[in-house]
Amino acid sequence: MKPLVHAVVGCGRVAPNHVDGFSVLPDAELRWACDRDLARAESLARRYGLPRATADLRDVLADPEVDSVSIAVDHAQHFELAAAALEAGKHVLVEKPLALTVEEGTALTALAQRTGRVLSVVSQHRYDPVVTAVRDWIAGGLLGQLVSGTVSLQCGRDDAYYADSYWRGTFAGEGGSALVNQGYHALDVTRWLVGGLTVTGAAAGHTAPRGGMETEDTLAALLRGPQGALVTYHVTVASSITWRTRVELVGTEGSVLFDLDHPGTLHLAEGGEALRAAAREVGAQVEPAPAGIGYYGISHRRQIADFAAAVRDGRRMTADGEAGLDTLRLLREMYGAARPGGPTAPGERTAVPAAANAVPALGG
Ligand SMILES: NC(=O)c1ccc[n+]([C@@H]2O[C@H](COP(=O)([O-])OP(=O)(O)OC[C@H]3O[C@@H](n4cnc5c(N)ncnc54)[C@H](O)[C@@H]3O)[C@@H](O)[C@H]2O)c1
């Protein structure tokens, strides 16, 4: 069988997770490292033994043996680069978010449909053992009817993280910050578990902005699940703690508490005996962490295996383009609801002075 030939486009912080995920597949070949900064592409290629490096995506797309590409660049270029790859007949694994805007995201899912290629948006935490287990328990009725959720991420990003980046902390390059970037996974996982979310209210803050960032550093929202469950969601990048998530879901028959930082650990599972018995099984499924930054988790490997299987046999993925589009729609709606209390939209600068704490604004 011909190996799946893959290229990584964008050789920054998250690229090693993509290299790792494809390199542990038995039937894949990593061929190209591509970065518009050639030194970065060459450095990644050298470090992980990829045979070819280029600064020009066209070299990758012109290689007829390349089946698929990872797009791991700034948010603003996801659309253009993913669209070019799909048009060239390649399958695409794009880092989150799918695109900067809902319009771009919709165009990408339509393009994947038209070209018959797999489009997947990285949502690795959907593949965490604890998350997949909780999803099964909800589907099996072990939590009863969901009534309440509390979801948060507190993380700390320093001045250099924004000041040294060409795109982070800017509306044009990142499209927001705390929510669309760091807070993406907690939102995406919650939406997937609860079965959809609508926005009841939101506020964004520019509370203690680092490194000249123009985007929100903190955002809070009140969301509603399909059966009426009320979910509070908080994210900040201005904590003294590097990374800590928390997801607590309360149902009429059972409650669970876990995080996205310990993918096999449940902090609480209280309810009937069936739930407690299922909870005892979760810890056994966790494999050692791969290369990359620790809090990115263990599950890029799992999503990449799902992606490769979808490319081979056309099966539907857990984290496909439509899923990414739904989460993009939700988070853009949250930004819209947070207006005008804080910085919320591409091209829009906050009127909130850096020193002022979040101005509350409800909407939506
Ligand atoms: N899933 C996760 O947990 C996770 C973690 C980190 C980052 N990400 C996502 O990954 C993406 C990249 O983030 P990062 O932290 O690696 O960024 P980064 O700034 O570290 O790296 C981006 C790289 O892309 C390169 N680049 C820019 N334009 C290019 C082009 N046109 N062609 C080729 N290369 C180009 C840059 O030179 C840079 O090396 C973002 O979407 C981010 O949200 C996801």
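**Exercise 1. State the domain layout and how the domains meet.**

Solution. The assignment, automatic or from a database, gives domain 1 (4-124) and domain 2 (127-288 + 320-338). This is a predicted model: local features need pLDDT of at least 70, side-chain atom pairs count only at pLDDT 80 or more, and totals for chains, interfaces and linings use all residues. Residues are numbered from 1 along each chain as its sequence is written, and side-chain values use heavy atoms, without hydrogens and water.

Step 1: take the centres. The C-alpha centres of domain 1 and domain 2 are 25 Å apart.

Step 2: count contacts (heavy atoms within 4.5 Å). Here 22 residues of domain 1 touch 24 residues of domain 2.

**Exercise 2. Describe the shell around the ligand.**

Solution. Step 1: collect residues with a heavy atom within 4 Å of the ligand. There are 26, and the closest are D35, R40, H75, Q124 and R168.

Step 2: assign domains. Domain 1 and domain 2 each supply at least three residues of the shell.

Step 3: sort by class. Nine shell residues are nonpolar, nine polar and eight charged. Gly counts as polar in this scheme.

**Exercise 3. Find polar contacts of the ligand and its cover.**

Solution. Step 1: list N or O pairs within 3.5 Å. Ligand nitrogen atoms lie 2.8 Å from a polar side-chain atom of Q77 and 3.1 Å from a polar backbone atom of R36. For a ligand oxygen atom, the partner is a polar side-chain atom of H185, at 3.2 Å.

Step 2: compute cover by Shrake-Rupley with a 1.4 Å probe. Alone, the ligand has 850 Å² of accessible area, and the protein covers 92% of that.

Note on methods: A polar contact is a pair of N or O atoms within 3.5 Å; within protein, one must be able to donate a hydrogen and the other to accept it, and residues adjacent in sequence count only if both atoms are side-chain atoms.
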